[in-house]
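Please find below my notes on the model under discussion, set out as numbered points. They follow the order in which I would suggest reading the structure.

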Amino acid sequence: MTENLSPRSRIVHEALRSAGVAGEIITLPDAASTAALAAAALGVEVGAIANSLVFLSDGEPLLVMTSGAHRVDTAALAERLGRRSIVRASPDEVRAATGQAIGGVAPTGHPAPLTTVVDEALAAFDEIWAAGGTPHTVFPLTFDELVRLTGGTVSAVD
């Protein structure tokens, strides 16, 4: 089943299996590089899309898995986490931290583990969808699987 996946998505697939996440990565015919595009392609609420957003916080990459229905309030999140600042990473910084391009960043399969925050709003959905390493790939998982997969801290992000 992985033979049709890109090398980047194969890395994500292996990380999912290693973590015991059974959801299969699927390839969409069109890019789903935004939560709205992914939700429309999958026929789900935009809030059920787990956006992978990379920031720099106090000089280190920070992955925020946010509901597609939310915007991250970086000042409020920095205060909640006890950080000095949180700023959006550049495309080059995202690729360096994750090995993946913006629009397709998965919650796993990175060169090194990333400090991660998981939006508590994602818990409202029985099934959520995350990017599979490219803008054309996604996979389903549960909120609990996402938290376990990322080792993330659950928090409000907006």
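1. Helix 2 spans residues 35-42, and its buried residues are Ala 35, Ala 38, Ala 39 and Leu 42. Because these four cover an arc of only 100° around the axis, they lie on the same side of helix 2. It should be kept in mind throughout that this is a predicted model.

2. Against what does the buried side of helix 2 pack? The buried residues of helix 2 pack against four strands: strand 1 (26-27), strand 2 (49-57), strand 6 (128-131) and strand 7 (137-141). Just after the helix comes Gly 43, with a positive phi of about 70°.

3. Strand 2 deserves attention next. Of its nine residues, seven are buried, and the strand is thus described as mostly covered. Strand 2 pairs with strand 3 (residues 60-67) in the antiparallel sense, through eight bridges. Within this pairing, Ser 57 is opposite Glu 60 of strand 3. The two strands form a hairpin in which two residues separate them, and Asp 58 in the turn takes a positive phi of about 50°.

4. Strand 2 has further partners. With strand 4 (residues 86-88) the pairing is antiparallel and involves three bridges; here Phe 55 stands opposite Arg 88. With strand 6, by contrast, strand 2 runs parallel, and two bridges join them. Two residue pairs can be inspected along the strand 2 and strand 6 pairing: Ala 50 has Ala 130 as its bridge partner, and Ile 49 stands opposite Trp 129.

5. Which way do the residues of strand 6 point, and are they buried or exposed? Ile 128 and Ala 130 point one way, whereas Trp 129 and Ala 131 point the other way. All of these residues are buried, and strand 6 is also one of the elements against which the buried residues of helix 2 pack.

6. Strand 6 also pairs with strand 7, in the antiparallel sense and over four bridges. One bridge partnership in this pairing links Ile 128 with Leu 141 of strand 7. The hairpin formed by strand 6 and strand 7 has five residues between the strands, and Gly 133 in this hairpin has a positive phi near 105°.

7. Thr 137 merits a separate remark. This residue is located in strand 7. Why is Thr 137 counted as buried? Its relative accessibility is 4%, and the limit for a buried residue is under 20%. The side chain of Thr 137 makes a polar contact, at 2.9 Å, with the side chain of Thr 134.

8. The surroundings of Thr 137 can be listed as well. Leaving aside residues up to four places away in sequence, Thr 137 touches Ser 9, Ile 25, Ile 26, Thr 27, Ala 130, Ala 131 and Gly 132. Among these contacts, Ala 130 and Ala 131 belong to strand 6, where they point in opposite ways.

9. The last element to consider is helix 5, residues 143-150. Six of its eight residues are buried, so helix 5 is largely enclosed by the rest of the structure. The buried residues are Phe 143, Glu 145, Leu 146, Val 147, Leu 149 and Thr 150. Gly 151 follows helix 5 and has a positive phi, near 65°.

Conventions:
Residues are numbered from 1 along each chain as its sequence is written. This is a predicted model: local features need pLDDT of at least 70, side-chain atom pairs count only at pLDDT 80 or more; totals for chains, interfaces and linings use all residues. Side-chain values use heavy atoms; hydrogens and water are left out. Buried means under 20% relative accessible area, exposed over 50%, partly exposed in between (1.4 Å probe, protein chains only). The arc is that of the directions from the helix axis to the C-beta atoms. Contact means heavy atoms within 4.5 Å. Two strands pair if DSSP finds at least two bridges between them. A polar contact is a pair of N or O atoms within 3.5 Å; within protein, one must be able to donate a hydrogen and the other to accept it, and residues adjacent in sequence count only if both atoms are side-chain atoms.
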